[in-house]
Amino acid sequence: MCIEDGAFFDCDNLMSIEIPNIVESIGNNAFKSCDKLKQFEVSDENTTYCDVEGVLYTKDERKIIKYPEGKKETAYNIPSSVTIIGRQVFYKCSSLASITIPEGLTNIGSSLFLNCTSLINIIIPKSVTSISGQAFYKCSSLKSITIPDSVTSIGYSAFEGCSSLTNITIPEGVTSIGNYTFYGCWNLISITIPESVTSIGSSSFYN
(Lines give C-alpha, C1' and ligand atoms only; values in the text may rest on other atoms or scores of the structure.)
Protein backbone atom coordinates (compact mmCIF):
# COMPACT_ATOMS: atom_id res chain seq x y z
CA MET A 1 0.00 0.00 0.00
CA CYS A 2 1.20 3.51 -0.87
CA ILE A 3 0.32 6.90 0.61
CA GLU A 4 0.41 9.08 -2.51
CA ASP A 5 2.10 12.46 -3.05
CA GLY A 6 0.19 15.19 -1.22
CA ALA A 7 -2.35 12.70 0.14
CA PHE A 8 -3.12 14.73 3.28
CA PHE A 9 -1.92 18.11 2.02
CA ASP A 10 -3.50 21.04 3.87
CA CYS A 11 -5.63 18.88 6.20
CA ASP A 12 -5.49 21.64 8.77
CA ASN A 13 -7.56 19.92 11.48
CA LEU A 14 -5.70 16.60 11.41
CA MET A 15 -4.02 16.00 14.79
CA SER A 16 -2.83 12.37 14.68
CA ILE A 17 -2.10 9.79 11.98
CA GLU A 18 -1.93 6.02 12.46
CA ILE A 19 0.07 4.19 9.81
CA PRO A 20 -0.70 0.45 9.57
CA ASN A 21 1.71 -2.37 8.78
CA ILE A 22 0.64 -2.58 5.11
CA VAL A 23 2.04 0.85 4.16
CA GLU A 24 5.23 0.34 2.14
CA SER A 25 5.82 3.78 0.65
CA ILE A 26 4.95 7.41 1.36
CA GLY A 27 4.96 10.05 -1.38
CA ASN A 28 6.38 13.57 -1.37
CA ASN A 29 4.57 16.21 0.68
CA ALA A 30 2.05 13.60 1.88
CA PHE A 31 1.58 15.45 5.19
CA LYS A 32 2.55 19.01 4.20
CA SER A 33 0.60 21.93 5.72
CA CYS A 34 -1.08 19.76 8.37
CA ASP A 35 -0.37 22.49 10.89
CA LYS A 36 -2.20 20.85 13.82
CA LEU A 37 -0.63 17.42 13.33
CA LYS A 38 1.10 16.47 16.60
CA GLN A 39 2.14 12.86 16.13
CA PHE A 40 2.53 9.83 13.92
CA GLU A 41 1.74 6.38 15.25
CA VAL A 42 3.21 3.53 13.20
CA SER A 43 2.32 -0.12 13.69
CA ASP A 44 5.15 -2.11 15.27
CA GLU A 45 4.62 -4.67 12.52
CA ASN A 46 5.37 -2.17 9.74
CA THR A 47 8.70 -3.19 8.14
CA THR A 48 9.33 0.11 6.32
CA TYR A 49 8.52 2.88 8.80
CA CYS A 50 8.46 3.61 12.52
CA ASP A 51 7.74 6.52 14.83
CA VAL A 52 10.14 7.90 17.40
CA GLU A 53 8.34 10.09 19.95
CA GLY A 54 5.74 10.92 17.31
CA VAL A 55 8.22 11.72 14.53
CA LEU A 56 8.06 9.62 11.34
CA TYR A 57 11.23 7.69 10.42
CA THR A 58 12.29 4.83 8.21
CA LYS A 59 12.41 1.55 10.12
CA ASP A 60 16.21 1.64 10.51
CA GLU A 61 15.95 5.22 11.89
CA ARG A 62 18.50 6.45 9.37
CA LYS A 63 16.11 8.85 7.62
CA ILE A 64 13.55 11.30 8.99
CA ILE A 65 10.43 11.37 6.83
CA LYS A 66 8.40 14.07 8.61
CA TYR A 67 8.42 16.05 11.85
CA PRO A 68 4.79 16.91 12.75
CA GLU A 69 4.10 20.60 12.14
CA GLY A 70 1.85 20.87 15.21
CA LYS A 71 4.27 19.26 17.66
CA LYS A 72 4.78 21.73 20.51
CA GLU A 73 8.33 20.96 21.68
CA THR A 74 10.69 23.93 21.35
CA ALA A 75 13.92 21.94 20.87
CA TYR A 76 14.85 18.85 18.89
CA ASN A 77 18.09 16.88 18.74
CA ILE A 78 18.26 14.84 15.56
CA PRO A 79 19.56 11.37 16.56
CA SER A 80 23.08 10.34 15.59
CA SER A 81 21.65 7.39 13.63
CA VAL A 82 20.25 9.79 11.01
CA THR A 83 22.22 10.12 7.76
CA ILE A 84 19.40 11.42 5.52
CA ILE A 85 16.76 14.07 6.17
CA GLY A 86 13.91 14.19 3.66
CA ARG A 87 12.83 17.32 1.81
CA GLN A 88 10.84 19.83 3.89
CA VAL A 89 10.93 17.58 6.96
CA PHE A 90 10.70 20.58 9.31
CA TYR A 91 8.53 22.71 7.03
CA LYS A 92 6.43 25.18 9.04
CA CYS A 93 7.35 23.67 12.42
CA SER A 94 6.66 26.97 14.12
CA SER A 95 7.26 25.85 17.73
CA LEU A 96 10.88 24.77 17.26
CA ALA A 97 13.38 27.31 18.57
CA SER A 98 16.47 25.08 18.58
CA ILE A 99 17.61 22.15 16.42
CA THR A 100 20.82 20.13 16.65
CA ILE A 101 22.02 18.30 13.54
CA PRO A 102 24.28 15.26 14.07
CA GLU A 103 27.82 14.80 12.74
CA GLY A 104 27.80 12.73 9.57
CA LEU A 105 25.11 14.64 7.72
CA THR A 106 26.60 16.22 4.58
CA ASN A 107 23.78 18.34 3.19
CA ILE A 108 21.18 20.76 4.55
CA GLY A 109 18.42 19.86 2.09
CA SER A 110 16.15 22.03 0.01
CA SER A 111 13.48 23.91 2.00
CA LEU A 112 14.41 21.84 5.06
CA PHE A 113 13.55 24.50 7.67
CA LEU A 114 11.29 26.66 5.51
CA ASN A 115 8.94 28.81 7.61
CA CYS A 116 10.33 27.66 10.97
CA THR A 117 9.45 31.08 12.30
CA SER A 118 10.53 30.45 15.93
CA LEU A 119 13.94 28.97 15.08
CA ILE A 120 16.60 30.99 16.91
CA ASN A 121 19.49 28.58 17.17
CA ILE A 122 20.78 25.77 14.98
CA ILE A 123 24.07 23.89 15.18
CA ILE A 124 25.48 22.84 11.81
CA PRO A 125 28.17 20.13 12.11
CA LYS A 126 31.51 20.18 10.31
CA SER A 127 30.44 17.25 8.15
CA VAL A 128 28.03 19.46 6.17
CA THR A 129 29.40 20.51 2.76
CA SER A 130 26.38 22.22 1.20
CA ILE A 131 23.36 24.30 2.16
CA SER A 132 20.64 23.84 -0.44
CA GLY A 133 18.10 26.27 -1.84
CA GLN A 134 15.57 27.80 0.58
CA ALA A 135 17.05 25.77 3.46
CA PHE A 136 16.28 28.51 6.03
CA TYR A 137 13.74 30.47 3.99
CA LYS A 138 11.69 32.82 6.21
CA CYS A 139 13.23 31.64 9.48
CA SER A 140 12.38 35.10 10.73
CA SER A 141 13.66 34.60 14.32
CA LEU A 142 17.12 33.30 13.35
CA LYS A 143 19.56 35.87 14.74
CA SER A 144 22.91 34.27 13.97
CA ILE A 145 24.30 31.15 12.37
CA THR A 146 27.77 29.67 12.17
CA ILE A 147 28.54 28.09 8.83
CA PRO A 148 31.35 25.54 9.23
CA ASP A 149 34.49 25.65 7.07
CA SER A 150 33.42 22.39 5.42
CA VAL A 151 30.63 24.15 3.47
CA THR A 152 31.50 24.87 -0.18
CA SER A 153 28.16 25.98 -1.61
CA ILE A 154 25.13 28.00 -0.46
CA GLY A 155 22.01 27.62 -2.59
CA TYR A 156 19.44 30.11 -3.85
CA SER A 157 17.25 31.86 -1.24
CA ALA A 158 18.98 29.85 1.50
CA PHE A 159 18.49 32.65 4.06
CA GLU A 160 15.86 34.72 2.26
CA GLY A 161 13.49 36.41 4.68
CA CYS A 162 15.68 35.76 7.74
CA SER A 163 14.78 39.23 8.96
CA SER A 164 16.40 38.89 12.42
CA LEU A 165 19.82 37.83 11.07
CA THR A 166 22.37 40.51 12.00
CA ASN A 167 25.71 39.05 10.94
CA ILE A 168 27.15 36.08 9.13
CA THR A 169 30.58 34.86 8.09
CA ILE A 170 30.90 32.81 4.93
CA PRO A 171 33.78 30.36 5.31
CA GLU A 172 36.81 29.91 3.06
CA GLY A 173 35.99 27.25 0.52
CA VAL A 174 32.61 28.60 -0.54
CA THR A 175 32.86 29.40 -4.24
CA SER A 176 29.35 30.58 -5.04
CA ILE A 177 26.43 32.35 -3.35
CA GLY A 178 23.11 31.64 -5.07
CA ASN A 179 20.36 33.98 -6.24
CA TYR A 180 18.35 35.73 -3.49
CA THR A 181 20.47 34.09 -0.77
CA PHE A 182 20.09 36.97 1.72
CA TYR A 183 17.12 38.68 0.09
CA GLY A 184 15.03 40.56 2.67
CA CYS A 185 17.51 40.18 5.55
CA TRP A 186 16.57 43.64 6.78
CA ASN A 187 18.74 43.61 9.91
CA LEU A 188 21.95 42.24 8.41
CA ILE A 189 24.66 44.73 9.32
CA SER A 190 27.82 42.67 8.72
CA ILE A 191 28.83 39.93 6.32
CA THR A 192 32.28 38.52 5.60
CA ILE A 193 32.87 37.11 2.11
CA PRO A 194 36.12 35.19 1.52
CA GLU A 195 38.38 35.37 -1.54
CA SER A 196 37.24 31.90 -2.57
CA VAL A 197 33.85 33.25 -3.69
CA THR A 198 33.88 33.73 -7.47
CA SER A 199 30.17 34.28 -8.13
CA ILE A 200 27.31 36.03 -6.33
CA GLY A 201 23.83 35.45 -7.73
CA SER A 202 21.10 37.89 -8.68
CA SER A 203 19.54 39.94 -5.85
CA SER A 204 21.61 38.08 -3.22
CA PHE A 205 21.55 41.11 -0.91
CA TYR A 206 18.38 42.81 -2.12
CA ASN A 207 16.79 44.88 0.68
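Visitor: In this predicted model, what is the order of the strands in the open sheet of five strands?

Guide: The pairing in this open sheet is parallel, and its edge strands, which each pair on one side only, are β11 (107-108) and β18. Read across the sheet, the five strands have the order β11-β13-β14-β16-β18.

Visitor: Which residue stands opposite Ile154?

Guide: Strand β14 covers residues 153-154 and strand β16 covers residues 176-177, and the two run parallel, joined by two bridges. Across from Ile154, in β16, stands Ile177.

Visitor: Is Ile200 buried, partly exposed or exposed?

Guide: Ile200 lies in strand β18, residues 199-200, which is one of the edge strands of the five-stranded sheet. Together with Ile193 and Phe205, Ile200 makes a nonpolar surface patch of about 240 Å². Buried means under 20% relative accessible area and exposed means over 50%; because the value for Ile200 is 45%, this residue is partly exposed.

Visitor: Which residue in β10 is the bridge partner of Ala75?

Guide: An open sheet of three strands, paired in parallel, has the order β8-β10-β12, and its edge strands are β8 (75-77) and β12 (121-123). Neighbouring strands of this sheet are turned by 5° against each other on average, direction ignored. β8 pairs with strand β10, residues 98-100, over three bridges in the parallel sense, and the partner of Ala75 in β10 is Ser98.

Visitor: Which side chains along β4 point to one face and are buried?

Guide: In a regular strand the side chains alternate between the two faces of the sheet. Along β4, Gln39 and Glu41 point to one face and are not buried, whereas the side chains that point to the other face and are buried are those of Phe40 and Val42.

Visitor: What is the bridge partner of Glu18 in β4?

Guide: Strand β2, residues 16-19, pairs with β4 in the parallel sense, over four bridges. Within that pairing, the residue of β4 that partners Glu18 is Glu41.

Visitor: Why is Ser33 classed as buried, and what is its relative accessible area?

Guide: Ser33 is placed in the loop between β3 (25-26) and β4 (39-42). Leaving aside neighbours within four places in sequence, Ser33 is in contact with Phe9, Asp10, Cys11, Asp12, Glu69 and Tyr91. The cut-off for buried is under 20% relative accessible area, and Ser33 is therefore classed as buried, with a value of 8%.

Notes:
Residues numbered from 1 in each chain as written. Predicted model: local features only at pLDDT ≥ 70, side-chain atom pairs only at ≥ 80, totals over all residues. Heavy atoms only, no water. Patch = residues over 30% accessible without salt bridge, like charges linked within 9 Å, V, L, I, M, F, W, Y side chains within 5 Å. Areas by Shrake-Rupley, 256 points an atom, 1.4 Å probe, with all protein chains shown as cover. Salt bridge = Lys/Arg side-chain N within 4 Å of Asp/Glu carboxyl O. Buried < 20%, exposed > 50% of the residue type's maximum accessible area, 1.4 Å probe, protein only. Pairing = 2+ DSSP bridges. Axes fitted to C-alpha atoms, helices over the stretch in contact; angles between N-to-C directions. Contact = heavy atoms within 4.5 Å.
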